[in-house]
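Q: I have a model open and would like to learn how to read it. Where should a reader begin?

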Amino acid sequence: MTDPAHNPALVPPGIGPVTPAGAAAKAGRSQRVDGPSFSEIFQKHVGTLQFSQHALQRVERRGIDLSDGTLKRLEDGAARAASKGSRDSVVFVDGTAFVVSIRNKTVITAVDREHMREHVFTNIDSAVIA
């Protein structure tokens with residue numbers, strides 16, 4: 001049976017093979033992974049908008065698409081809301097609603113079409129269809 005702590009699917013792209021947990025300690029050396037962190041890679045792709053921890057959990061749990069095109073449209077929608085003086089906006093991108101704090105440039109949560117049925121958005125001063 002393989003060590004459950006070692007999962008090659010969790011190694012970020014561009015990072016070499018990682019020694020399974022415990023193997024480095026057995027060899028008498030510390031385990032070190034070189035390269036950019038996940039958050040650095042993520043921020044490079046996201047651009048100007050940050051994602052709250054809650055939003056990241058919702059995106060992952062609900063399998064919401066965050067392709068380059070989706071992120072670009074989300075950023076454009078947030079920029080349009082900002083240009084109109086919005087503070088908190090819901091930005092719709094292809095059936096997904098992203099609640100964005102325009103002032104903080106942060107995505108607060110994400111709701112896909114399936115979970116939107118009985119969802120109520122509060123404290124929103126604008127809506128953008130991107």
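A: Begin with a cut-off: a residue is called exposed when its relative accessible area is over 50%, and buried when that area is under 20%. The model here is predicted. By that cut-off, Gln-53, Glu-60 and Arg-61 are exposed on one side of helix α3.

Q: Which residues of helix α3 are buried?

A: Ala-55, Arg-58 and Val-59 are the buried residues of α3, which covers residues 53-62. They fall in an arc of only 100° around the axis, which puts them on the same side of the helix. These buried residues pack against β1 (50-51) and β4 (106-111). After α3 comes Gly-63, with a positive phi near 65°.

Q: Why do residues three or four places apart in an α-helix point the same way?

A: An α-helix has 3.6 residues a turn, so residues at that spacing point the same way. For a case, take α4, where Thr-70, Leu-71, Leu-74, Gly-77, Ala-78 and Ala-81 are buried. Seen down the axis, the buried residues of α4 lie within an arc of 125°, so they line one face of the helix. The face turned away from that buried side carries the exposed residues Asp-68 and Ser-83.

Q: What span should helix α4 have?

A: The check uses a rise of 1.5 Å a residue: the 16 residues of α4 (residues 68-83) should span 22 Å, and the end C-alpha atoms are 22 Å apart, which agrees. Just after α4, Gly-85 has a positive phi of about 85°.

Q: In what order do the strands stand in the sheet?

A: Sheet order is read across neighbouring strands, and sequence order is a separate matter. Here five strands form an open sheet in the order β1-β4-β3-β2-β5, with mixed pairing. β1 and β5 (126-129) are at the edges with a single partner strand each, so one side of each has no neighbour in the sheet. Along the sequence, the pattern is α-α-β-α-α-β-β-β-β.

Q: How many bridges join β2 to β5?

A: Four bridges join β2 (residues 88-93) to β5, and the two strands run parallel. Among the bridge partners, Val-90 is matched with Ala-127 in β5.

Q: Where do the helices sit relative to the sheet?

A: α3 packs on the sheet, touching β1 and β4, and its direction makes about 30° with that of β4. α4 lies across β1, β2, β3 (96-101), β4 and β5, running at about 145° to β2.

Q: How much of the protein counts as buried?

A: Of its 130 residues, 29% count as buried. The protein exposes about 8,800 Å², and carbon and sulfur atoms supply 52% of that area.

Methods
Residues numbered from 1 in each chain as written. Predicted model: local features only at pLDDT ≥ 70, side-chain atom pairs only at ≥ 80, totals over all residues. Heavy atoms only, no water. Buried < 20%, exposed > 50% of the residue type's maximum accessible area, 1.4 Å probe, protein only. Areas by Shrake-Rupley, 256 points an atom, 1.4 Å probe, with all protein chains shown as cover. Expected span 1.5 Å × (residues − 1). Arc of directions from axis to C-beta. Contact = heavy atoms within 4.5 Å. Pairing = 2+ DSSP bridges. Axes fitted to C-alpha atoms, helices over the stretch in contact; angles between N-to-C directions.
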